[in-house]
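Okay, thanks for coming, everyone. I'll talk through the side-chain contacts first and then the empty space, so have the model up in front of you.

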Amino acid sequence: MENTKTHAVHGGTLRYLKHDSTATGTPMTLSVFTPAGEGPFPVLIWLSGLTCTEDNFTTKAGAYQAAAEHGVIIVAPDTSPRGEGVADDPAYDLGQGAGFYVDATQAPWVPHFRMETYVTEELIALIDAEFATTGVRSISGHSMGGHGALTLALNHPDLFRSVSAFAPICSPTRCAWGEKAFTAYLGDDRATWDRHDAAKRIAAGAARGVYDDILIDQGDADSFLTDQLKPELLQAAADAVGQKVTIRMQPGYDHSYFFMASFIADHIAFHVERLKV
């Protein structure tokens, strides 16, 4: 990996990195925070939302003080492949910056938009090879990235000790963002979409016996709450199968990183408790 920038922060080191991805066939960028000391350290993977890069969480979430205190590596990859020759769309919610953490099966997206494989296979292996990790990890994310964290954890339970999310797209098969992206990336056969719908995966029992709890924070002043995020669908699915999901409705909070910065330390503590088990 090419180290493009390095910063000292809270006694640890923040690196901006770039590498050629075999999964996407493009260069991919990410940021990695490592605490002080030789390690090994557990890992928290953070997945960001629509229009974001590896930089949004890194500069706005205020996560590194808690990560330093708990001794956790935090990895924040970009949200999609990018570059010349990579398919794109003029809308903010499709194409570059909007990978939705799925492996596309439809043209023109299929050559490069393989974010599920990138995160679960290539990125994890790369981090474990390049940094002093314990080999155990958790996953979290925001909005589209919250959807990604939930579905990747539910579909790959052997890879993650725990999962949490901020304002996730809880049931993308039943909202405009998800319907648009899944039609483009996965095609018109809606049966293939269900694997990437957290509410439906929980209803199918995917979390049972794997995750003792799933922590979700949601602002009640979030402008996307009713039409796009729909946490009530996730709660209903969890209730139906007896799965514990802690959805904390936070009064007055919106969809921004000010919301995440207010509660990120709680999420890091939540994961640390399970990463040590």
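So, Phe-166: with a relative accessibility of 0%, this one counts as buried. Keep in mind that we're looking at a predicted model. Phe-259 is buried too, also with 0% relative accessible area. Now, Tyr-253 and Phe-259 have ring centres 5.8 Å apart and planes at 45°, so that's a tilted pair. Tyr-253 itself is partly exposed, because its relative accessibility is 29% and the buried class stops under 20%.

Stepping back, there are 14 aromatic pairs in the structure. Take Phe-166 with Phe-259: they sit edge-to-face, 5.5 Å from centre to centre, with 80° between the planes. That contact links distant parts of the chain, since Phe-166 is in strand β7 (residues 164–166) and Phe-259 is in helix α9 (residues 257–275), 93 residues apart. And which residues make up the aromatic cluster? Phe-33, Trp-46, Phe-57, Tyr-64, Phe-166, Tyr-253, Phe-259 and Phe-263, all in one group.

While we're on rings, a couple of charges sit over them. The charged end of Arg-274 is over the ring of Phe-270, 3.9 Å from the centre. Lys-5 does this with Tyr-16, its charged end being 4.2 Å from the ring centre.

Right, salt bridges. How many does the structure hold? The count is 11, and I'll go through a few.

Arg-82 pairs with Asp-78, and their closest N and O atoms are 2.6 Å apart. Asp-78 is the buried partner, at 4% relative accessible area, while Arg-82 is partly exposed at 28%.

Next, Lys-180 and Asp-93 meet at 2.7 Å, N to O. Here again distant parts of the chain are linked: Lys-180 lies in helix α5 (residues 176–186) and Asp-93 in the loop between β5 (73–77) and α3, 87 residues apart. Lys-180 is partly exposed at 33%, and Asp-93 is buried at 9%.

Then there's Asp-266 with Arg-248, where the closest N and O atoms are 2.9 Å apart. Asp-266 is in helix α9 and Arg-248 is in strand β9 (residues 246–250), so the bridge ties together parts that are 18 residues apart in sequence. Both ends are partly exposed: Asp-266 has a relative accessible area of 36%, and Arg-248 has 26%. There's also a network, with Asp-212, Glu-273 and Arg-274 joined by salt bridges that share partners.

Okay, on to the empty space. Rolling a probe the size of a water molecule over the atoms shows where space is left. We get one cavity of 30 Å³ or more, and the volume of the largest is about 50 Å³. What lines it? Val-43, Ile-45, Val-75, Leu-123, Ile-124, Ile-127, Asp-128 and Arg-137. Helix α3 gives the most, with four residues, and β4 (41–47) also supplies at least two. By class, that lining has six nonpolar residues, no polar ones and two charged ones.

Last stop, the largest pocket, which holds about 180 Å³ of space. It's lined by 14 residues, and the closest to its centre are Leu-50, Thr-51, Cys-52, His-142 and His-255. This lining splits into six nonpolar, seven polar and one charged.

That's my tour, happy to take questions.

Key. Residues numbered from 1 in each chain as written. Predicted model: local features only at pLDDT ≥ 70, side-chain atom pairs only at ≥ 80, totals over all residues. Heavy atoms only, no water. 1 Å grid on protein atoms, 1.4 Å probe; cavity = no way out; pocket = protein on both sides within 12 Å on 5 of 7 lines; lining within 4 Å. Points joined across faces, edges and corners; volume = space filled by probe spheres on them. Nonpolar A, V, L, I, M, F, W, Y, C, P; charged D, E, K, R; others polar. Phe/Tyr/Trp six-rings, centres within 6.5 Å; stacked < 30°, edge-to-face > 60°. Buried < 20%, exposed > 50% of the residue type's maximum accessible area, 1.4 Å probe, protein only. Lys NZ or Arg CZ within 6 Å of the ring centre and 35° of its normal. Salt bridge = Lys/Arg side-chain N within 4 Å of Asp/Glu carboxyl O.
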